[in-house]
Amino acid sequence: MPLPLDIPIYSSRSGESAQARLHYLIDQFHVAIQDEIAERNPLPHHDAPTFPLRHGRRQHRTGRTSYFLFDTDPLPTQVLDHANASLILGANRYTCRIVGFSLDGLALAIDADLPAVIDEAKLTLDTPRLLEALDKRLHDVLKHPHMFDIAQGLHVFDPHATPKPLTVLALPPAPHLNPEQYTAYEAALRQDLTYIIGPPGTGKTDLIATLVLALHEMGQRTLLCSPTNTAIDLIIDTILEKRPTLPTGSLLRVGSPSPDSSDRAQMVNLEALTLAANFQLEETIARLKRHLTDLDTDLDTARAFLGTLEQHQPAIDALQSAHQTARRLTQAVTVLQHTIKERGLVLRDLMGEMTQRQTLPAVFRLFSQPSRETLLEQHFTLAHRQQQDQDALVALTEHVTAARASLAHHQETVDQATPVIAWDTTVWTASELTALMATLMHTRYTLLQELHHHEQQLRLTEQDFVAQSQIIGTTLTRTYTSRLLHDQRYDTVILDEASMGAAPAILHAACLSKSRVIIVGDFLQLPPISTAKTPAARQWLGRSIYQIANIQSGDDPRIVALRTQYRMHPTIAAVASRLYAKAGLEYHSAPNMAAQRKPITDLAPAPGSALIFVDTQDGHPTTLRDHAGSPYNIYHALLCVELAQHMLSTPGPHPSITIVAPYCAQVKLLDRMLRHEGLEKQVRIGTIHQFQGSASDVVIFDTVLTENVSRSMLGSTSADAHPHLLINVAITRAKGKLILIGHGDALSTLARHPDPILWDCVQQAHTRGTVIPGPSLVPALTCQVGNSILHSTDSLERVLPTRQQTAPLLHAV
């Protein structure tokens, strides 16, 4: 009998056994993962993508991990997702982790002893590796179900699941929680499955930290995971703020913390704790690695030179022969020059003696010995030999010149044929190099054994920390990739930012729980990103756990909702509350939020207004497109930069400012402009996806478009599009001031959209906020720069000085 359409096979009401339901889910996940791998790596034997990196600077070190920031060209986000990265430095490859990226920067965590400055390197990405690791881990669940709690995993995905009560005698007190937070707190601790739904700013992070500490007091072991490092580090920091006296090792952060995580959060990182416990061992390992690096360099040089000797031996033999010939001839010239010099002295003495005899009386000359004839004969003989040797010297000198020319020729031949190496080709022979390499290889083997022994001691220390810790915080990805965590099981698994988690990874994490699973998030936030568009990928990788498990805000025993927000000014929250009300969830602001946000709302422009719509239609802006078709708007970008610059130039504490835009080309343009103005460290800029889970005092939301927005991504009604979720994330990042920049006529086309949250925001600005004409802030552009604005600094200069000279002061608005 076929199942009703609303009862999937993985439901407890399907009539299938738990094993059959598990088989179904994992088989479906396998198909989806393979489709995604094929999409990300379409050619089976294609080389992994490689990207150049420049101007690397080490920012800091935590344990054995060095954090580097590199300059790079923009990298596609979909490539960085699920990527297994390696840093290529010369001939060496180092495994690394991507911990942050922007349009032209990349933050890497590298477990290696590298120089503090790296001028050039390459990043290579093997994108399918993490997906393959997830697929393999799921098949481990299928093959060894006794090693996992598959009932708990199925329970999480079951659309018809009913939470089962757990035996809990008494709950640790939590007096700081509001009533709805306490209801969620109590439900999460007293039952085996709880979905805590909380719109932005409702205190989810604080509640998770409270739950983790309560479970710790109850003697329970907890796995805290999230798709993002930022979320994990924020929760860990909140835990440590609430309980700074937690015993060392009871809270453990596994993996690389985000670059902007707090110092105290980094101190509970596994590597930092391991370093503190094994400082001398770490020093020994670092020394051995440096020695091995030097040894490998010498081995590479010796191998290269030996290959050179073997490949170019005739040229090297000729060079050595030329060296010998030049040496022999030079020595002969030296000997001959010495002989000529000595004979010249003898000839001079003979000539002196004959001259002296001429001065004697004839009778004395008659009886003098040797006779004059004998002296003349000796002089003649020696002079003749001297002339012969001088002629021979001239000829020999010519031979020496020729030999040196031949030597230079052979040397040039060898230099061109061999690599530039620091070894003397006239000293080392092939047999000597072979013997040297054998000695170096033996030394290397000994060092590797010693290094392996010390690293094994470190791994044992890490394993001890992991085994003894009561709270482990890590990313969802690391739960299935870290060998340290493979054998670990937990009483409770808590998943934060659940909407972003891939369903296969959530199933694996849930199967690690022995008692309860607590899933925290917002069903109106962004779902996971899937590149493949196959039916399997769309169903199992492109949908959130809320959609798969049929989590809605109605009367569902699995759900506990948080309804009071503590982040946004009520005027901003009111826009989002309409979207949640439509989904059946009441959402309101805490009573004192307007007063708390007053210092921010009192900033210009429009002091006192939390919601501002800057209408650009009278400025006649133009939407252009880059080579990839991504829209950008120069006039809107100028408004964004002017607003940020003014808010940062006012006296007093500066607010945190974030500029978000839905299109990469506009983000790239804004990034260049902010750098031109020296604001890149004071203003955050990015696409909407990059800021889910974060908050800012002021958010400037640039909608970019000047034509019919209903036909764009922001107004799409296709099944794969989630414009209302995207816009909801953008506007709910703002604490005290939300500035929406848009073309009024273009945005009005969204009035008939099924979820018109962006148009609601414009309407809210008209009724409860402030509407400012764009030209009152920045006059319309008088020059056209076209696509070159994205690439040419000269074009940027043509725009920005004009704006600086003509833009009015914002405090006049």
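**Exercise 1. A glycine after a helix**

Which residue just after helix 6 takes a positive phi?

Solution. The model examined here is predicted. Step one is to locate the end of helix 6, which spans residues 204-217. Step two is to inspect the backbone just beyond this helix, where Gly-219 takes a positive phi of about 80 degrees.

**Exercise 2. Helix 6 and helix 7**

Describe the length of helix 6 and its burial, then treat helix 7 likewise and state what covers its buried residues.

Solution. Begin with length. Helix 6 has 14 residues and reaches 20 Å from its first C-alpha to its last, close to the 20 Å expected at 1.5 Å a residue. Helix 7, residues 229-242, also has 14 residues, and its reach of 20 Å is close to the expected 20 Å.

Continue with burial. Because 10 of its 14 residues are buried, helix 6 is largely enclosed by the rest of the structure. Among these buried residues are Lys-204, Thr-210 and Leu-213. In helix 7, the buried residues include Ala-231, Asp-233, Ile-236 and Leu-240.

Finish with the cover. The elements that cover the buried residues of helix 7 include helix 6, strand 8 (222-226), strand 9 (251-253), helix 8 (263-267) and strand 10 (471-475).

**Exercise 3. The nonpolar cores**

Identify the residues that touch the most other members of the largest nonpolar core, and explain where this core lies.

Solution. First, consider membership. The largest nonpolar core has 137 residues, of which Val-156, Phe-157, Tyr-195, Ile-700 and Phe-701 touch the most other members. Helix 22 (residues 634-649) gives the largest share of this core, 11 residues.

Second, consider position. Domain 2 (148-250 + 469-562) and domain 4 (570-812) both contribute residues, so the core lies between them.

Third, separate this core from another. A second, separate core has 34 residues, including Leu-177, Leu-213, Ala-265 and Val-560. Leu-213 is one of the buried residues of helix 6.

Finally, examine one well-connected member. Leaving aside neighbours within four places in sequence, Phe-701 is in contact with residues including Val-660, Ile-688, Ile-731, Leu-740 and Leu-758.

**Exercise 4. Partners far apart in sequence**

For Leu-134, Leu-407 and His-724, determine the helix of each residue and the residues in contact with each.

Solution. Take Leu-134 first. Leu-134 lies in helix 3 (residues 128-143). With a relative accessibility of 3%, Leu-134 is below the 20% limit and therefore counts as buried. Not counting residues up to four places away in sequence, Leu-134 touches Ile-33, Tyr-480, Pro-504 and Ala-505. Leu-134 and Arg-478 are 344 residues apart in sequence, yet their C-alpha atoms are 9.9 Å apart.

Take Leu-407 next. Leu-407 belongs to helix 13 (residues 372-417) and is buried, at 16% relative accessible area. Residues up to four places away being left out, Leu-407 touches Leu-319, Ala-322, His-323 and Ala-326. From Leu-407 to Gln-320 there are 87 residues in sequence and 8.6 Å in space, C-alpha to C-alpha.

Take His-724 last. His-724 is in helix 24 (residues 723-731) and counts as buried at 17% relative accessibility. Outside its neighbours within four places in sequence, His-724 is in contact with Leu-579, Asp-755 and Ile-757.

For the chain as a whole, consider contacts between residues at least 6 apart in sequence: 78% of them join residues at least 24 apart.

**Exercise 5. Backbone exceptions**

Are His-620 and Val-704 buried or exposed? State also the phi of each residue, and locate the cis peptide bond at Pro-605.

Solution. Start from the general rule: most residues other than glycine have a negative phi, and most peptide bonds are trans.

His-620 has a positive phi of about 50 degrees although it is not a glycine. His-620 lies in the loop between strand 16 and strand 17 (624-625). At 64% relative accessible area, His-620 is over the 50% limit and is therefore exposed.

Val-704 has a phi near 75 degrees, again positive in a residue other than glycine. Val-704 is found in the loop between strand 21 (696-702) and helix 24. At 0% relative accessibility, Val-704 counts as buried.

The peptide bond from Ala-604 to Pro-605 is cis, with omega near 5 degrees. Pro-605 lies in the loop between helix 21 (598-601) and strand 16 (611-615).

Conventions
Residues numbered from 1 in each chain as written. Predicted model: local features only at pLDDT ≥ 70, side-chain atom pairs only at ≥ 80, totals over all residues. Heavy atoms only, no water. Helix = DSSP H or I, 4+ residues; strand = E, 2+ residues; numbered from the N terminus. Expected span 1.5 Å × (residues − 1). Buried < 20%, exposed > 50% of the residue type's maximum accessible area, 1.4 Å probe, protein only. Contact = heavy atoms within 4.5 Å. Core = buried A, V, L, I, M, F, W, Y, C linked by side-chain atoms within 4.5 Å. Domains from an automatic or database assignment.
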